[in-house]
Amino acid sequence: GGPADGRRRILVAPENAAEASSVPGVEVLPAPHLGALVAHVAGRELLAPWVAPPAGPEITTDEPDFADVRGQALARRALEIAAAGGHNILLSGPPGSGKTMLARRLPGILPPLSPEESLETTRIWSAAGRLPRGSGLLRVRPFRSPHHGASAPALSGGGSDPRPGELSLAHHGVLFLDEFPEFRRDALEALREPLEEGIVRVTRASGSRSFPARFLLVAAMNPCPCGFRGDPRKECTCSGHDVARYRRKVSGPLLDRIDLHVEVPAISSGDLSAEDAPEPSARVRQRVQAARARQTDRTGDPRLTNAALTPARLRATAGLHPEASALLARAMDRLALSARAHQRVVRVARTIADLEAATGTGPAHVAEALRYRRVADAEPL
């Protein structure tokens with residue numbers, strides 16, 4: 001029989017006890033070996049229920065903080081918008097400009113994992129065989145940074161009995177793809193389904209499996225093959241043909257799924273010696289959480305960030321002022337924006353308005369959102 005309080009009882013190896021205990025309504029009995037399990041079932045020697053050790057203080061001192069980042073005000077602002085609205089972001093700049101440093105600080109400004117998100121993330125890591133031994137629920141948002149040599153199966157999931165890959169290990173967290181154009185084309189194309197639907201399907205001879213894969217993508221790339229196009233510190237050696245070929249490595253449809261395109265210039269000595277202390281992550285996270293709460297108030301679903309809204313729901317909740325609509329119409333003509341790009345601008349503008357606690361989306365919000373669209377929508381990479 002089960003425990004007196006009606007919970008289910010489960011017998012597991014001791015190293016899996018903490019993980020199993022994270023499932024609600026279950027009493028966990030650690031069995032150190034098969035003989036102990038048999039003795040318990042036979043009623044000869046009952047196993048003691050697992051008791052969680054006292055929770056220690058949360059260690060946050062090693063978490064990368066925006067307070068460590070000098071300069072790059074535009075990129076910092078764009079990452080705040082990305083966190084607030086769930087928007088994917090592309091950082092473009094020369095080596096040493098701080099793209100990786102910025103990306104690693106994004107998880108620290110995202111809202112904490114909810115209990116449901118923690119449980120779902122823990123299940124994925126357990127299925128992938130990546131859960132640390134003796135670990136309970138994962139409490140920190142994942143940050144995954146696969147190498148650009150990673151294959152499509154390494155990203156999507158692989159093996160004869162497919163296990164979750166990097167895209168799923170980043171579920172509810174951040175996926176950082178450095179040197180974006182250097183990834184194999186099939187690996188990059190594997191991103192399209194999870195970016196659109198939040199799942200990844202893995203097909204093998206034995207059948208098809210689906211894994212959750214709803215992450216915030218941060219892609220980073222150099223402006224050209226040598227990396228120094230537009231960098232005052234070093235002259236670029238690339239021809240126009242080299243630059244065009246390099247940028248075409250990433251398909252237009254994939255880039256079209258990235259809301260924020262941000263130039264990250266080389267850092268000047270003036271930026272490094274500025275006296276003003278950069279804003280810490282904790283303060284930015286407060287604004288992000290408040291903006292997300294406003295989105296939840298409108299939709300009733302905390303998963304529905306502005307980036308995840310259907311076109312119909314976006315139209316119903318954007319609250320575009322007439323002046324904002326007129327500005328956007330002029331920009332569409334001047335920049336030759338596609339209908340998809342138009343929607344992306346509205347999503348980002350709505351998030352900017354949420355960060356300001358504005359009830360509607362005004363022309364200033366649209367104007368800032370347009371800064372994060374590549375003029376490149378008329379000149380695809």
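This text walks through parts of a predicted model, from its nonpolar cores to some strands, two loop residues and a helix.

The largest nonpolar core is a set of 47 residues. Ile-89, Leu-106, Val-218 and Val-366 are the residues with the most contacts inside this core. A second core, separate from it, has 26 residues, among them Leu-188, Val-202, Leu-217 and Leu-254.

Val-218 gives a view of its surroundings. Setting aside residues up to four places away in sequence, Val-218 touches Ile-89, Leu-91, Ala-103 and Leu-106, and also Val-174, Leu-175, Phe-176 and Leu-177. The last four of these belong to strand S7, which covers residues 174–177. Val-174 and Phe-176 point one way from S7, while Leu-175 and Leu-177 point the other way. On both sides, these residues are buried.

Strand S7 pairs with two other strands. One is S4 (residues 143–144), which runs parallel to S7 and is joined to it by two bridges. Here Arg-144 stands opposite Leu-175 of S7. The other is S10 (residues 216–221), paired with S7 in the parallel sense over four bridges. In S10, Leu-216 is the bridge partner of Val-174.

Beyond S10, the chain enters a loop that leads to helix H10 (240–247), and Asn-222 lies in this loop. Is Asn-222 buried or exposed? Its relative accessibility is 18%, and because buried means under 20%, Asn-222 counts as buried. Apart from neighbours within four places in sequence, Asn-222 is in contact with Ser-92, Gly-93, Pro-94, Pro-95, Lys-99, Gly-227 and Tyr-246.

Another loop, between strand S3 (89–92) and helix H4 (99–103), holds Ser-97. Ser-97 has a relative accessible area of 0%, so this residue is buried. A polar atom of the Ser-97 side chain lies 2.8 Å from the backbone oxygen of Pro-94. With residues up to four places away in sequence left out, Ser-97 touches Gln-72, Val-264, Pro-265, Ala-266 and Ile-267.

The last element here is helix H16, made up of the 17 residues 339–355. What span should H16 have at 1.5 Å a residue? The expected value is 24 Å, because the span is taken as 1.5 Å times one less than the number of residues. The end C-alpha atoms of H16 are 25 Å apart, which agrees. H16 is mostly covered, with 13 of its 17 residues buried. Just after H16, Ala-357 takes a positive phi of about 60 degrees.

Note on methods: Residues are numbered from 1 along each chain as its sequence is written. This is a predicted model: local features need pLDDT of at least 70, side-chain atom pairs count only at pLDDT 80 or more; totals for chains, interfaces and linings use all residues. Side-chain values use heavy atoms; hydrogens and water are left out. A nonpolar core is a set of buried Ala, Val, Leu, Ile, Met, Phe, Trp, Tyr and Cys residues joined through side-chain atoms within 4.5 Å. Buried means under 20% relative accessible area, exposed over 50%, partly exposed in between (1.4 Å probe, protein chains only). Contact means heavy atoms within 4.5 Å. Two strands pair if DSSP finds at least two bridges between them. A polar contact is a pair of N or O atoms within 3.5 Å; within protein, one must be able to donate a hydrogen and the other to accept it, and residues adjacent in sequence count only if both atoms are side-chain atoms.
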